[in-house]
Amino acid sequence: VEDREVHYISLQGVIGETDIDDRYGDLDSRTDSDISEIPASSDRTPEILKKALSGLSSRWKNWWIRGILTLTMISLFFLIIYMGSFMLMLLVLGIQVKCFHEIITIGYRVYHSYDLPWFRTLSWYFLLCVNYFFYGETVADYFATFVQREEQLQFLIRYHRFISFALYLAGFCMFVLSLVKKHYRLQFYMFAWTHVTLLITVTQSHLVIQNLFEGMIWFLVPISSVICNDITAYLFGFFFGRTPLIKLSPKKTWEGFIGGFFSTVVFGFIAAYVLSKYQYFVCPVEYRSDVNSFVTECEPSELFQLQTYSLPPFLKAVLRQERVSLYPFQIHSIALSTFASLIGPFGGFFASGFKRAFKIKDFANTIPGHGGIMDRFDCQYLMATFVHVYITSFIRGPNPSKVLQQLLVLQPEQQLNIYKTLKTHLIEKGILQPALKV
Amino acid sequence: MFQTPLSAESESEAKVDGETASDSESRAESAPLPVSADDTPEVLNRALSNLSSRWKNWWVRGILTLAMIAFFFIIIYLGPMVLMIIVMCVQIKCFHEIITIGYNVYHSYDLPWFRTLSWYFLLCVNYFFYGETVTDYFFTLVQREEPLRILSKYHRFISFTLYLIGFCMFVLSLVKKHYRLQFYMFGWTHVTLLIVVTQSHLVIHNLFEGMIWFIVPISCVICNDIMAYMFGFFFGRTPLIKLSPKKTWEGFIGGFFATVVFGLLLSYVMSGYRCFVCPVEYNNDTNSFTVDCEPSDLFRLQEYNIPGVIQSVIGWKTVRMYPFQIHSIALSTFASLIGPFGGFFASGFKRAFKIKDFANTIPGHGGIMDRFDCQYLMATFVNVYIASFIRGPNPSKLIQQFLTLRPDQQLHIFNTLRSHLIDKGMLTSATEDE
């Protein structure tokens, strides 16, 4: 705090202005080197770890802390998978809120805008609005049968967009009314910062949840591929690294990149094989109103049934087998792992650039040795969007629950018309027997 | 730095219009962003050279207002296709104006690649939105042509890939001493895209619903602008908000009532014509847009009983109105009460970045953004209003989506629909057998 005060007193002396907007106006156009570094928060490594490792040299000590924390995080991940989809949803929500908090806090520090009137309230309010909107659109689809029973929920669903828009508008009007004379620019910056953060964190976390509902395997395999790529690229770089990859992250090397790519593809392939066997991972998550909980029980789709493929000639010579039985999903997993290794790192570079731009070492100090939650999840963001786009383009068409939802909202006459059309179609296709009385 | 005659004149105008001294002072002190040259055509300048500067400005604004309104009518006459193109052009111009302000604020003309990247992102997002809209409305056309069908089937994937390429180019273009500036411009571009492009597509959605849903909201906002200005000019006394010292409570309230009345009258006039009321459809045989249909209930005259209170005033028992006129009251109310917040937002933005106008495209009025700042919230509101209160999901689209599902999913939905209809009493087991 003292350093900051000294810095600003000297700045005032040089420029001689009191208008905060003007002061930041000059800061905006200066190059990076003129801007001071943001003080990092204190070290949060637990005392026990520190004592246990006090014997080792500082480099190995850091390595051990990172290693232990990595194993802890992976075990936590497995534990939550075991506890089921609902816990996973809560976890995703928790991570989203924490990432949002981290990025907003960086914004406050960059602009020294803790004292802006209303602004912290408004940021959290916008987070709530956008979450309400997305949860209403996605989650409500899955709970269609549950929702049909309750009258008030019906009302909320029917006018959902209108209610969300009204809530957002209230926030927008509060922002306009809260504009204070000498702080206009700062307030607009924080407004834009909040919106870009919402765009990144909230939309992506909802895509993650939609992937999750498609089947837990669509959630697990991409995330594990990214984590695996992180770890194997680091290991390959540590042992074989020589040629630097990009000026932005001097620690990354081409050897790490390529080694990570191949190991991730192999890992994804194997993980897909192992997970495809279990209905728990493969089936879409459904909410059963009778048991009032999430169930994953179904007839696995063709994607998750073993099929035999004839190998192309050059592989035949290598493996000395004519055919191999694979799950079709494993072929998709190659696409997912490739994306995780080739494009995923760009998310990491983006975050590195961001940290250099704002002169911070880590997003926060939540996880000792690793930094903040955002540091762990920076590569995941592009992955979630890719998996969602991949699923909608190549795997399945429209979401059946959403179609049902929309059907139930129509006017009764329209529903009757559609019912008749569907009935004719289904009978034609032989899916429905004409004489069947269900 | 650039004290052109226009900016000197506008300072005096600001003082005349009652702005507080400190506002114009602070504007004069800090270096304003360079204003482009005065665009008023020579012919107007000469014709008005005799009048005093204040009246001259008033006349220029007045003539340009009438020119813009006339232009608006011509375009409506030319049809939906031209309207779509105009909306697209307005969107591009607004984007260009806001991005240029960003460049000026951050003195970042020389950033490597950045101008190319901004336009590239604009193209990507437009491609994504047009693809989604076009696929819905031009469904049969798209199904016929093989390349279009593939483009539409994998549309999201293609759009995402295009966007990713831009994202990777941005990361690769980060230059050592300019990280912060580059991230600012990246953020600036994305927020601008969010505001400008999404709204313009909502406008086009509204347009396809029926031209009346495009014309009435826009006219209400314009009317509110003009009426609030007039009421403020003649009766204005109590300032409304510190952000825009020229606005007054009298103007606000007068504008509100005037706009509601205007909206009622306009919807009455327009509901009579099919070309305004019918959804825009693409006719495959004639390969053009048609607006021909049986008007829905919303656009058929109905009798309403006037409540007792107003009966004594007007002396009529019932009145014949279009139901749409009642919706128009909601639209006008929004345009008068919340629309101005869009204007305040833009005013705050201009003060924050110390610019007088977004650009100097329209003489006397400023840039295109200056004219459209109130419209943005309106477009979203109309779209949300239509989706929530007027029509539900599109039944034919639902049937299309249903047909692409797997058989077991189709059966599941069919059975659920059936039990729902039986619950509601629309179906009994007896009527099943036909």
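**Figure 1. Q210(A) is a buried residue, with a relative accessible area of 17%.** The view is taken from a predicted model. Q210(A) belongs to helix α10 of chain A, which covers residues 184-214. Apart from neighbours within four places in sequence, the residues in contact with Q210(A) are T138(A), Y142(A) and H388(A). The value of 17% falls under the 20% limit for a buried residue, so Q210(A) is classed as buried.

**Figure 2. S123(A) lies in helix α6 of chain A.** This helix runs over residues 119-142. S123(A) is buried, and its relative accessible area is 1%. Once neighbours within four places in sequence are set aside, S123(A) contacts F100(A), I104(A), Y108(A) and T194(A).

**Figure 3. Chain A is shown whole as the setting for Q210(A) and S123(A).** Chain A has 438 residues, and 49% of them are buried. Its secondary structure consists of 20 helices and six strands. Of the contacts in chain A between residues at least 6 apart in sequence, 70% link residues at least 24 apart. The accessible surface of chain A amounts to about 22,200 Å², and carbon and sulfur atoms account for 63% of that surface.

**Figure 4. E250(B) sits in helix α12 of chain B, residues 249-270.** Which backbone nitrogen does the side chain of E250(B) reach? That nitrogen belongs to R237(B), at a distance of 2.9 Å. The side chain of E250(B) also makes a polar contact with the side chain of T238(B), again with a distance of 2.9 Å. R237(B) and T238(B) are among the residues that E250(B) touches when those up to four places away in sequence are not counted; the others are F231(B), F235(B), G236(B) and G255(B). F231(B) is 19 residues from E250(B) in sequence, and the two C-alpha atoms are 6.4 Å apart in space. E250(B) is partly exposed, with a relative accessible area of 25%.

**Figure 5. Two spans of chain B carry the UniProt feature "transmembrane region", from an unreviewed entry.** The spans in view are residues 113-130 and 157-175, and the record also places the feature at residues 182-204, 210-236, 248-270 and 326-346 of chain B. Residues 113-130 of chain B are 94% helix and 0% strand, with 26 Å between the end C-alpha atoms. For residues 157-175 of chain B, the helix content is 84% and the strand content 0%. The end C-alpha atoms of that span are 30 Å apart.

**Figure 6. C94(B) and C124(B) are shown in a structure with zero disulfides over all chains.** How far from C94(B) is the nearest cysteine sulfur? The sulfur of C89(B) is 11 Å away, and C94(B) is in no disulfide. C94(B) is buried, with a relative accessible area of 0%. C124(B) is likewise in no disulfide; for this residue the nearest cysteine sulfur is that of C168(B), at 12 Å. A disulfide requires two cysteine sulfur atoms within 2.5 Å. C124(B) is buried too, with a relative accessible area of 6%.

Terms used. Residues numbered from 1 in each chain as written. Chains lettered and ligands numbered in written order. Predicted model: local features only at pLDDT ≥ 70, side-chain atom pairs only at ≥ 80, totals over all residues. Heavy atoms only, no water. UniProt positions renumbered as here; feature names shortened; annotations may be inferred. Helix = DSSP H or I, 4+ residues; strand = E, 2+ residues; numbered from the N terminus. Buried < 20%, exposed > 50% of the residue type's maximum accessible area, 1.4 Å probe, protein only. Contact = heavy atoms within 4.5 Å. Areas by Shrake-Rupley, 256 points an atom, 1.4 Å probe, with all protein chains shown as cover. Polar contact = N/O pair within 3.5 Å; in protein donor to acceptor, adjacent residues only side chain to side chain.
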